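This report describes how the helices of one chain are arranged and where selected residues lie. The sequence and structure are shown first, and the text then moves from helix packing to single residues.

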Amino acid sequence: MADDVALSEAINSFLASLPTRTRMIFMRKYWYMDSVSAIAEKLGMGESAVKVSLHRTREKFREHLRKEGILL
């Protein structure tokens with residue numbers, strides 16, 4: 001239970017640290033399960049830009065979790 005709280009807090013702090021557009025891309029993909037093409041269309045971006053953003057954000061997320069002592 002305490003692990004769930006720590007994970008939830010780590011996720012929330014990570015999301016709060018992201019720029020708005022990056023957070024929108026990340027949430028659309030991993031919370032709303034939108035496709036890359038749908039995200040690109042909704043945000044007026046190219047699909048490759050969305051993919052690059054997601055890749056970089058996942059890397060930052062892994063590092064954030066590691067610093068918080070959370071290993072998945």
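## Where H2 meets H4

In this predicted model, the contact between H2 and H4 is made by Thr22, Ile25, Phe26, Lys29 and Tyr30 on the H2 side, and these residues meet Val50, Ser53, Leu54, Thr57, Arg58 and Phe61 of H4. Helix H2 covers residues 20-30 and helix H4 covers residues 47-67, and their axes come within 10 Å and cross at roughly 90°. Angles of 65 to 115 degrees count as roughly perpendicular, and H2 and H4 are therefore described as roughly perpendicular to each other.

Serine 53, which is placed in helix H4, takes part in this contact between H2 and H4. When residues up to four places away in sequence are not counted, serine 53 touches Thr22 and Ile25, both of which are listed on the H2 side. Is serine 53 buried or exposed? Its relative accessible area is 14%, and because buried means under 20%, serine 53 counts as buried.

## Where H3 meets H4

Helix H4 also packs against H3, with the two axes 8 Å apart and at an angle of about 110°. That angle makes H3 roughly perpendicular to H4. On the H3 side the contact involves Val36, Ser37, Ile39 and Ala40, while the residues they meet in H4 are Glu47, Val50, Lys51 and Leu54.

Val50 and Leu54 of H4 appear in this contact with H3, and Val50 and Leu54 are also among the H4 residues that meet H2.

## Methionine 27 and methionine 33

Methionine 27 lies in helix H2 and is partly exposed, with a relative accessible area of 25%. Leaving aside neighbours within four places in sequence, methionine 27 is in contact with Leu15 and Tyr32. The C-alpha atoms of methionine 27 and leucine 54 are separated by 10.0 Å, and these two residues are 27 residues apart along the chain.

Methionine 33 is placed in the loop between H2 and helix H3, the latter covering residues 36-43. What is the phi of methionine 33? Although methionine 33 is not a glycine, its phi is positive, at about 60°. The relative accessibility of methionine 33 is 63%, and because exposed means over 50%, this residue counts as exposed.

## Residues far apart in sequence

Several pairs link positions in the early part of the chain with positions towards its end. Aspartate 3, in helix H1 (residues 2-17), has its C-alpha atom 8.6 Å from that of isoleucine 70, although the two are 67 residues apart along the chain. With a relative accessible area of 63%, aspartate 3 is exposed.

Lysine 67 is found in helix H4 and counts as exposed at 64% relative accessibility; its C-alpha atom is 9.7 Å from that of alanine 10, while 57 residues separate the pair in sequence. Leucine 71 belongs to the segment after H4 and also counts as exposed, at 76% relative accessibility. Between leucine 71 and leucine 7 the C-alpha distance is 9.7 Å, although they are 64 residues apart in sequence.

## The chain as a whole

How many helices and strands does the secondary structure of the chain come to? There are four helices and zero strands, so that, by the DSSP assignment used here, the pattern read along the sequence is α-α-α-α. The C-alpha trace spans about 40 × 20 × 20 Å along its principal axes. Among contacts between residues at least 6 apart in sequence, 51% join residues at least 24 apart.

Of the 72 residues in the chain, 29% are buried. The accessible surface comes to about 5,200 Å², and carbon and sulfur atoms account for 56% of that surface. The chain carries 12 positive and 9 negative charges, and the mean positions of these two groups are 8 Å apart.

Methods:
Residues numbered from 1 in each chain as written. Predicted model: local features only at pLDDT ≥ 70, side-chain atom pairs only at ≥ 80, totals over all residues. Heavy atoms only, no water. Helix = DSSP H or I, 4+ residues; strand = E, 2+ residues; numbered from the N terminus. Buried < 20%, exposed > 50% of the residue type's maximum accessible area, 1.4 Å probe, protein only. Contact = heavy atoms within 4.5 Å. Areas by Shrake-Rupley, 256 points an atom, 1.4 Å probe, with all protein chains shown as cover. Lys, Arg positive; Asp, Glu negative; His and termini not counted. Charge placed at Lys NZ, Arg CZ, Asp CG, Glu CD. Axes fitted to C-alpha atoms, helices over the stretch in contact; angles between N-to-C directions. Parallel < 35°, antiparallel > 145°, perpendicular 65-115°, else oblique.
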